[in-house]
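Got the viewer open? Let's walk through this one a selection at a time.

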Amino acid sequence: MGCALSRAGATDNSTTDVNEILEEMGPDTVIGSRTQSEVVSDLSTLAESQKELIQESWKILHQDIARLGVIMFIRLFETHPECKDVFFMFRDIDDIQQLQLSRELQAHGLRVMSFIEKSVARLQQEDKLQQLAFELGRCHCRYNALPK
């Protein structure tokens, strides 16, 4: 998965190994409020039963991911209105019903849910899941999104 807007700026050397970059950053690098090593170790602490529960839950949610993506963003904007300012495509839409019908919001909600789907599919492959998350982070850095 990629970010639609940032793909235009991608270069051919975008296959950088996430492990090389994480090693370069060091285990004490802060990501949000946690260190890199804390974030990475959380992946390996999920029990098999927890991974299975996530996968089974996703099977139910997957049935309507397009609608769930919109619901997720609407709830985010209702509970944290300041977050809407980050999204230039729909920051000026104040009417909730108009926002729900926004093609841009529907498309972005589906992209986010697709990312979650790929993440769930990679729960058993921690290195691939880590690479996927790294690529998402790199994509958001291109927008000058702050790590939180």
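Start inside. Select Val70, Phe73, Ile74, Phe77, Phe87, Phe90, Ile93, Leu99 and Leu105: these nine residues form the largest nonpolar core. Helix 4 (residues 65-79) supplies the largest share of this core, with four residues. Apart from this core there is another one, of six residues, including Trp58, Ile65, Val120 and Leu129. Keep in mind that you are looking at a predicted model.

Now click on Ile93 and show its neighbours. Leaving aside residues up to four places away in sequence, Ile93 touches Lys84, Gln98, Leu99 and Ser102.

Next, the charges. The structure has six salt bridges, and a good one to pick is Glu48 with Lys51, at 3.8 Å from N to O. The two sit three residues apart in helix 3 (residues 48-61), so about one helical turn separates them. Lys51 is buried, at 5% relative accessible area, while Glu48 is partly exposed at 42%.

Stay on Lys51 and add Glu126: their side chains also meet in a salt bridge, 3.7 Å from N to O. Because Glu126 belongs to helix 7 (residues 126-141) and Lys51 to helix 3, this pair ties together parts 75 residues apart in sequence. Glu126 is partly exposed, at 29% relative accessibility.

Then jump to Arg67 and Asp64, a salt bridge with an N to O distance of 2.6 Å. Arg67 is partly exposed at 48%, and Asp64 is partly exposed at 30%. Back at the earlier stop, shared partners link Glu48, Lys51 and Glu126 into one salt-bridge network.

Last, colour by pLDDT. The protein's mean is 77, with 66% of residues at 70 or more. Residues 1-16 stay under 50, and the model gives them 24 contacts beyond four places in sequence.

Definitions and conventions
Residues numbered from 1 in each chain as written. Predicted model: local features only at pLDDT ≥ 70, side-chain atom pairs only at ≥ 80, totals over all residues. Heavy atoms only, no water. Core = buried A, V, L, I, M, F, W, Y, C linked by side-chain atoms within 4.5 Å. Buried < 20%, exposed > 50% of the residue type's maximum accessible area, 1.4 Å probe, protein only. Contact = heavy atoms within 4.5 Å. pLDDT = per-residue confidence, 0-100. Salt bridge = Lys/Arg side-chain N within 4 Å of Asp/Glu carboxyl O.
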